Amino acid sequence: MTESAASGARERRLAEIVGAVARRLLADRDASRIALLDDGGPEAALAARILGAALGPGAVVRVTAEEGEVEPVLHGVRGATPAEAATELRRMRARLVPAALPANPANKTALLLGGELPPEPFFPLGDLWAGEVAALAGGWSAPDAARRAIERAGGVEKADDALRRLVDRRDPAALDGLRPAGAKALRAALARGRASRVHPRVVPKLGARTLGVDLFE
């Protein structure tokens with residue numbers, strides 16, 4: 001099998017899995033389409049392609065933010081960057097798309113190293129490492145802080161390999177083979193988002209059955 005054929009087969013298999021999960025989520029939330037945050041990166045293109053193939057025409061709305069629309073969002077918000085403002089603008093628009101489920105196309109590496117988990121309820125590529133995305137889409141993306149940690153670890157292949165052993169294989173020594181500066185950067189990046197991964201929703205428990213703590217129908 002050629003590399004191109006193998007990539008195509010891998011993408012079709014992904015479409016089957018991601019599509020099955022998406023259909024279940026749409027049914028559970030009484031929604032009819034996916035509102036996909038689209039920053040123009042390889043993940044957004046790959047997620048749109050996979051979801052479109054699985055769900056059919058019109059099922060994916062690609063939510064963008066044009067450069068000229070970002071400035072009003074920045075006005076009066078001290079400390080925010082244009083990139084952050086653009087992300088929040090896309091996020092707001094995704095929530096406002098009628099009958100739609102917001103989805104964030106971030107890859108697994110970016111989600112682990114990017115600090116707080118995004119609030120969107122669906123990560124269609126959330127179990128694909130950055131290197132796997134690159135093999136399918138020709139590139140990968142991550143927040144600036146995550147990219148710096150990856151660079152210090154020696155590149156995405158080394159970072160992915162170490163993280164895969166740490167997370168998937170539960171190997172406590174997974175980062176020890178990296179240069180000290182790289183291991184330190186990955187540990188710091190992982191720590192920044194740990195609370196949001198362990199406790200994605202926090203509700204002080206006051207009664208017998210508490211939303212976000214107990215099974216709640």
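Two residues are in contact when they have heavy atoms within 4.5 Å of each other. Keep that in mind for the close-ups below, which come from a predicted model.

**Figure 1. Asn 107, a buried loop residue.** With that idea of contact, which residues does Asn 107 touch once its neighbours within four places in sequence are left aside? The list is Glu 43, Leu 125, Leu 128, Trp 129, Ala 130, Val 133, Trp 140 and Ser 141. Asn 107 itself sits in the loop that runs between β3 (100-103) and α5 (108-113). Is Asn 107 buried or exposed? Its relative accessible area is 0%, and anything under 20% is called buried, so Asn 107 is buried. There is also a link to the backbone here: the Asn 107 side chain comes to 3.0 Å from the backbone nitrogen of Thr 109.

**Figure 2. Lys 108 and its partner Asp 127.** Step along to Lys 108 and you're in helix α5. Lys 108 has a relative accessible area of 11%, so this charged residue counts as buried. What does the side chain of Lys 108 make a polar contact with? It's the side chain of Asp 127, at 2.9 Å. Not counting residues up to four places away in sequence, Lys 108 touches Leu 125, Gly 126, Asp 127, Leu 128, Trp 129 and Asp 168. Leu 125 is on that list, and Leu 125 is also a contact of Asn 107.

**Figure 3. The largest pocket.** This view looks at an open space of about 970 Å³. Its lining is made up of 29 residues, and the closest to the centre of the pocket are Ala 83, Thr 87, Arg 91, Ala 142 and Pro 143. What kinds of residue make up the lining of the largest pocket? They split into 13 nonpolar, 7 polar and 9 charged. Four helices, α2 (42-55), α4 (82-96), α5 and α7 (144-152), each put at least two residues into the lining. Which of the helices gives the most to the lining of the largest pocket? That's α4, with 6 residues.

**Figure 4. Helix α4, end to end.** Here's α4 again, this time as a helix in its own right. It has 15 residues, and from its first C-alpha to its last it reaches 21 Å, close to the 21 Å expected at 1.5 Å a residue. Its buried residues are Ala 85, Ala 86, Leu 89, Arg 90, Arg 91 and Ala 94. Arg 91 is worth a second look, as it is buried in α4 and also one of the residues closest to the centre of the largest pocket. What do the buried residues of α4 pack against? They meet β1 (33-37), β2 (60-63), α3 (67-74) and β3.

**Figure 5. Helix α2 and the glycine after it.** How far apart are the end C-alpha atoms of α2? They are 20 Å apart, which agrees with the 20 Å that its 14 residues should span at 1.5 Å a residue. Buried in α2 you'll find Glu 43, Ala 44, Leu 46, Ala 47, Ala 48, Ile 50 and Leu 51. Glu 43 should ring a bell, since it is one of the contacts of Asn 107. Right after α2 comes Gly 56, with a positive phi near 100°.

**Figure 6. Two loop residues with positive phi.** Asp 30 lies in the loop between α1 (3-28) and β1, while Arg 170 is in the loop between α8 (156-167) and α9 (180-198). Neither is a glycine, yet phi is positive in both: near 55° for Asp 30 and about 55° for Arg 170. Are they buried or exposed? Asp 30 has a relative accessible area of 71% and is exposed; Arg 170, at 63%, is exposed too.

**Figure 7. Leu 190 in helix α9.** Leu 190 lies in α9 and counts as buried, at 10% relative accessibility. It is 77 residues away from Leu 113 along the chain, but their C-alpha atoms are separated by 5.3 Å. Setting aside residues up to four places away in sequence, Leu 190 touches Leu 112, Leu 113, Leu 163, Leu 166 and Arg 197.

**Figure 8. Arg 147 in helix α7.** Arg 147 is found in α7 and counts as partly exposed, at 29% relative accessibility. Beyond its neighbours within four places in sequence, its contacts are Trp 140, Ser 141 and Ala 142.

Notes:
Residues numbered from 1 in each chain as written. Predicted model: local features only at pLDDT ≥ 70, side-chain atom pairs only at ≥ 80, totals over all residues. Heavy atoms only, no water. Buried < 20%, exposed > 50% of the residue type's maximum accessible area, 1.4 Å probe, protein only. Polar contact = N/O pair within 3.5 Å; in protein donor to acceptor, adjacent residues only side chain to side chain. 1 Å grid on protein atoms, 1.4 Å probe; cavity = no way out; pocket = protein on both sides within 12 Å on 5 of 7 lines; lining within 4 Å. Points joined across faces, edges and corners; volume = space filled by probe spheres on them. Expected span 1.5 Å × (residues − 1).
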